[in-house]
Amino acid sequence: MELQVHRSRFVDWSPTGITCMAFPPLPPPSLRPLKGKGKDQNLPPKWFGTLAIGRANGNVELLEWTGGPRDELAPQAWTLKMTLTGPLRSKVESLAFALRHPKRHSLQNPPVLSDLRLFSSGGGTDLVEWDLSTATIKRTYPVHGGSIWSIVVNSSSTLIACGCDDGTLRILSLADDNIEIFRTMGPSKGKVLSVAWGPPSPRPSRHEGPKDRNGSAAESSDEEDIDEAEWTDQWIVTGGSDAAIKRWSIKSGTVVANLKTDRLRSTRTLVWAIGVLADGTVVSGDSMGLVKFWDTRTSTQLNSIKTHEADVLCLAVGSDGTTVLTSGIDQNVTECALVHTRTEYGQRADWVKTTSRRLHAHDVRALAVWPPYAPFPPSYRLSLNPGTASLLVSGGQDMVPVITPCTPAGTGTGNALMKIRNPLAINQNLAVSRPCTFSQSIQERIPYPVNGLLCVAKEVRLLVCRRLTGVSIWRLHSGGAGAKGAQEFDHVIDMEMGVSTHVVACAISDDGKWLAVSDAMELKLFYINDIGESRPVRVKNISTMLIGALSGVSNTVPSAAASELLFTPDSTRLIVACSPTSAVVIFDLPRSSSTEVRHSRTFTDHVSAGAGRVVKDLPGYSSTPHEGASRRHAPLLTAMAVSPDGQWLATADEYGRCNIFNLDSLQHHCTLPSFEHAIRDMKFHPDSPQILVLAQVNNSIQIFDVESRTFPGWTKSATAHLPEKFKSLKPGLEGLLFVKASSSSAKHQLLVWGWNWICKIKLDGSRAMAGKHKKPRSGWIPKEEWDMERDALTVFTGYRHMLGVASLGGNEIVVVERPTLDLMMIDGLPPPFYKHKFGT
């Protein structure tokens, strides 16, 4: 296979740093007495929650676990599901999940994405709640306490605490899917920088049974009284800028204990991070690099460990409460463990520093552990994902999240540790052979989102890159690929859009005459007569036309925003995937700017949510949502594709549904069976325009014949027997493209690319294995005629941190890379922490 590759590093796009991360909380355990053989008689199913990542540009990324309900392993770990776009010039400093209806869920019935509420704060005075069904801001609540430094939801998801700049602690109620003020505590000296809830205690039901002669309550036969019993919070602890840790009483709203940390004469110690264990032990991390353990019953310090050379910015408690992981400015992630030793006076437990690893190249701002720690009494805690390693996710100024298995070394005996599976392993043998402890495990990286970042105009060789507030356009020279010393590109234009939010989608037509850009509020369309010579002309009425095309689609006010944009190959039509209505709107484009753009058709098949057919349950959404779940809106469209002849249009949404439309008759053609995993990308085959290839987030591929409305029999066998080498590639795939094997070849081959790899998969051709002479059907070879492992799979790993791979036609492609070294040299990014040591 001879390819002409434009290996480009001139694109100056860069992601922003990670400021915070959060996992959803575990459902609170029931206070109903367990019957039968014990609490372990029904083990909960495997469940990996949604990962929320907040960035410095105000966006929040939601990542879903790629493994299905029956998958033991998921090498691709968490992949991007959607991006919540924040207002321009905003930031996210703290994130917290809450259960919408905590009493409806348990470890046997874990919550999905529609059952969660997500809150954030960005250094302002307002608490923000996000609508996870529409990827927009649902409401803002003014706290009136100055800037919010930290937000934390209690274990039962009924209250949220906000640490404020004026020294007050604002407690808000989350009852009835609303936000109301519950109590204001303080003010106190200094700012409240960190907050943690104390361990909850069971509160008995309001209707107590009659007491017997001994004064104990008689057992009630009415189980409704047991259901009314709930968990209640007794106290909350805060860390401030006054070098103090305060314990507040929820009932009285006053400080009941004031713990002082170490401090220097010239500066105050800042308590940046704080946590609480089930036995009431408080863990704090401060600006002196110290991790301290406090006994709240006696208000004394238990231990002080010098874990870092600079500020401790984040802290996370291990899944079982026997480890504490910290990190900060010195880029090291440190583990402290509770070690039990025998002395002459009996058993003794001490917290000691066990491991320190440098997982990042810059400041670490956030840590999160799955399963999350819940400080419930040991008798009420159930084990989640038994036999599976806990996972630590860390992130900071180097912009790339890192996943590290972090099973405590004290979990049982050595044989028990060997039986713990690593869910990130590529096969079952490595899942148990590689250690899962934090000191010995191997870390994995989660790529920053690059989906839809680049697009090309093949006929005029233009490359368009989406930026936060605009687009940049380059022209690629023909024949420059592989020429040493030759300038392969010209920077044509930078366009600032004057948007209200960040740009979420862009597309350019193949002839380079039309450019479409959309933020989370408005779609913009430009006509470019001669790029670089004349100024682009904006079609000003496109937003009005889009709102008119959506009239009557939903009960809400139509939005003029788009989640996906696509031009047909002949550049005569613009296809808009609307957000949040999920409607697909088609516009007919004129040949010049003198003629008006005309609305052609609006498809609402995704809005109906697949009525009249069975839809499989997907991770993150229920097929039959309960009352109050946020399924009031249609799903977001995540991928679109048009056949090379312009006849077929395929659209996919976040629920895994895919619809096919006929663009000649402008009618809905068929609906594919829903898939268990979300669709990342899809393309029509250039040699057989009726063949649609779909790629899913778990590195699986499906092939569908649009004309016959079926999955061909031989393709089922071929896609089911994809090589394990391909299925285990990590990070997961990002896109598909078809290219010719050489300049003289007439057939196309499939390329699949990920963050740091490009894979060639041969699904068609005329060459068969020796001794096989079966006739190909429609240019496609049956599974028994070729060897996938030997003949049809080639992986190229010489590329790093790719922003996109696109075809320029024929056997020519462009690969855009953004190396880590270039990211670390961004203007305005301070140098990483460095402390010189003697003799180095």
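**Exercise 1.** In this predicted model, determine how many residues of strand 14 (residues 192–197) are buried, and which strand is joined to strand 14 by 5 bridges.

*Solution.* Step 1: apply the cut-off, under 20% relative accessible area for a buried residue. In strand 14, 6 of 6 residues are buried, and the strand is mostly covered. Step 2: look for the bridges. They join strand 14 to strand 17 (residues 235–240), and the two run antiparallel. Step 3: pick out a facing pair. Ala196 stands opposite Val237 in strand 17.

**Exercise 2.** Classify the peptide bonds from Gly186 to Pro187 and from Lys730 to Pro731 as cis or trans, and locate both prolines.

*Solution.* Step 1: recall that most peptide bonds are trans. Step 2: read omega. For Gly186 to Pro187, omega is near 15°, and the bond is cis. For Lys730 to Pro731, omega is near -10°, and this bond is cis. Step 3: place the residues. Pro187 lies in the loop between strand 13 (180–185) and strand 14. Pro731 sits in the loop between helix 6 (724–727) and strand 51 (733–740).

**Exercise 3.** For Ser157 and Asn385, give the sign of phi, then decide whether Ser157 and Asn385 are buried or exposed.

*Solution.* Step 1: most residues other than glycine have a negative phi. Ser157 is not a glycine, yet its phi is positive, about 60°. Asn385, not a glycine either, has a positive phi of about 55°. Step 2: locate them. Ser157 belongs to the loop between strand 10 (148–153) and strand 11 (159–164). Asn385 belongs to the loop between strand 28 (364–370) and strand 29 (391–396). Step 3: compare with the cut-off. Ser157 has a relative accessible area of 3% and is therefore buried. Asn385, at 3%, is buried.

Definitions and conventions
Residues numbered from 1 in each chain as written. Predicted model: local features only at pLDDT ≥ 70, side-chain atom pairs only at ≥ 80, totals over all residues. Heavy atoms only, no water. Buried < 20%, exposed > 50% of the residue type's maximum accessible area, 1.4 Å probe, protein only. Helix = DSSP H or I, 4+ residues; strand = E, 2+ residues; numbered from the N terminus. Pairing = 2+ DSSP bridges.
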